[in-house]
Amino acid sequence: MKQLCLELEEAYSPVSSAAEERVARLEAALKAQQFLHDAAEVDSWLADKAATLASGDVGNDRHRATQLLTRHKAVELELDTYAAIIAEMGHVAQSMASGGHPEGAALVTRHDQLADSLARLHRLAARRQAARVESVQIFRSKFEELRPRVESGVERFNQCEELAKKLVASDSPYIADIEKRQEVLGESWQRLVEQIQYRSQRLAAAGEIHRFHRDAGDLLARAGERRARLAPPPAPLDLRAATALLRDYDAAENDMVAIDAQMQGRAVGGVGATDRLALLPERRQAAACSVCG
């Protein structure tokens with residue numbers, strides 16, 4: 001009986017080892033396939049935005065130009081988000097390659113392709129933004145030239161009103177025609193004034209939207225830099241290294257507090273930043289414990 005048990009153990013051991021190795025290979029393959037799936041989705045998004053940015057439409061009036069510029073700013077914010085995603089994919093690919101993953105080199109190459117596509121898209125976005133900003137500025141300049149001319153026309157309109165009243169009061173034979181023309185002129189003038197006011201409001205709103213996207217882009221870039229600094233570092237080897245790491249986390253925490261305050265002020269969404277701040281104490285504790293252990 002003992003001999004049979006020994007033989008069974010000897011037969012089971014290689015099967016168990018083979019099963020564990022197969023599980024490891026399957027997990028590695030799944031991780032690689034997930035990476036490639038994510039890369040395909042990012043690639044599709046980049047291609048879609050490249051087609052959008054390749055459009056030569058800069059608007060044929062102020063409203064259209066402002067609308068296109070607003071949409072372009074939204075694309076730039078999305079680019080910043082995907083830049084962070086691609087950077088994180090790069091860390092994953094490098095980690096897999098360093099860990100001896102059989103497809104590690106191919107995954108690093110795939111990430112490099114995504115990074116190159118993103119860089120080209122950033123350059124294209126910069127060119128399109130310059131063209132659309134220039135178009136908006138041209139229409140805005142034309143409007144600013146028109147507005148004082150309309151405002152200066154108020155005096156002439158009032159003079160015309162007074163003259164019409166005098167002619168009507170003088171029993172002119174053209175009273176009916178004068179009243180009709182004055183009514184048409186008054187309605188036209190009122191529409192013009194309303195359009196000027198409406199466009200002034202739209203220009204002010206467009207300026208606010210432009211500032212919003214500019215500030216949001218800056219905040220996203222700063223948050224991305226801080227996120228890279230908060231990536232799990234190698235375990236510190238001594239107390240000095242741990243202390244330096246904790247100081248770095250403290251600085252990052254202060255930066256994130258400032259970013260969060262700005263995001264709250266611009267209504268960009270402070271919850272995400274607050275959530276990231278909540279992780280800082282845990283990371284600091286983990287860094288300290290790695291030395292204590």
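These legends go with a set of close-up views of a predicted model.

**Figure 1. The whole chain, an all-helix affair with 6 helices and 0 strands.**
Start here to get your bearings before zooming in. Reading from the N terminus, the elements go α-α-α-α-α-α. The protein chain has 293 residues, and 27% of them count as buried. Its accessible surface adds up to about 19000 Å², with carbon and sulfur atoms making up 56% of that. Take the contacts with a separation of 6 or more: 75% of them are between residues 24 or more positions apart.

**Figure 2. The largest nonpolar core, with 20 residues.**
Leu46, Leu79, Leu114 and Leu121 are the residues with the most contacts inside this core. Helices H1, H2 and H3 each chip in at least two residues. In soluble globular proteins, nonpolar side chains tend to be buried together.

**Figure 3. Leu79 and its company in the largest core.**
Who does Leu79 touch once you skip its neighbours within four places in sequence? Its partners are Trp45, Leu118, Leu121, His122 and Ala125. Two names in this view deserve a second look: Leu121 joins Leu79 among the residues with the most contacts inside the core, and Trp45 comes back in the next view as half of an aromatic pair.

**Figure 4. Trp45 and Tyr82, one of 2 aromatic pairs in the structure.**
The two rings are stacked, at 3.9 Å centre to centre and with 10° between the planes. Trp45 sits in helix H1 (residues 2–53) and Tyr82 in helix H2 (residues 62–98), so this pair ties together parts that are 37 residues apart in sequence. The partners fall into separate burial classes: Trp45, at 11% relative accessibility, is under the 20% cut-off and so counts as buried, whereas Tyr82, at 21%, is over 20% but not over 50% and so counts as partly exposed.

**Figure 5. Phe157 and Trp189, a stacked aromatic pair.**
Here the ring centres are 5.2 Å apart, with 10° between the planes. The pair links distant parts of the chain, with Phe157 in helix H3 and Trp189 in helix H4 (residues 175–229), 32 residues apart. Both partners are buried: Phe157 has a relative accessibility of 14%, and Trp189 comes in at 16%.

**Figure 6. Another core, of 6 residues, lying apart from the largest one.**
Among the members of this core are Phe143, Val150, Phe157 and Ile196. Phe157 should look familiar, since the previous view shows Phe157 stacked with Trp189.

**Figure 7. His111, a buried histidine in helix H3.**
Helix H3 covers residues 104–169. Is His111 buried or exposed? With a relative accessible area of 14%, His111 falls under the 20% cut-off, so buried is the right word. Setting aside neighbours within four places in sequence, His111 is in contact with Phe35, Ile86, Met89, Gly90 and Ala93. Of these, Phe35 falls within the residue range of helix H1, while Ile86, Met89, Gly90 and Ala93 fall within that of helix H2.

**Figure 8. Asp38 in helix H1.**
Asp38 counts as partly exposed, at 28% relative accessibility. Follow the chain 47 residues along from Asp38 and you reach Ile85, with the C-alpha atoms of the two separated by 9.7 Å.

Conventions. Residues are numbered from 1 along each chain as its sequence is written. This is a predicted model: local features need pLDDT of at least 70, side-chain atom pairs count only at pLDDT 80 or more; totals for chains, interfaces and linings use all residues. Side-chain values use heavy atoms; hydrogens and water are left out. Helices (H or I, at least four residues) and strands (E, at least two) are DSSP runs, numbered from the N terminus. Buried means under 20% relative accessible area, exposed over 50%, partly exposed in between (1.4 Å probe, protein chains only). Contact means heavy atoms within 4.5 Å. Rings of Phe, Tyr and Trp (its six-membered ring) pair if their centres lie within 6.5 Å; planes under 30 degrees apart count as stacked, over 60 as edge-to-face and the rest as tilted. Accessible areas come from the Shrake-Rupley method with a 1.4 Å probe; for residues, only the protein chains shown count as cover. A nonpolar core is a set of buried Ala, Val, Leu, Ile, Met, Phe, Trp, Tyr and Cys residues joined through side-chain atoms within 4.5 Å.
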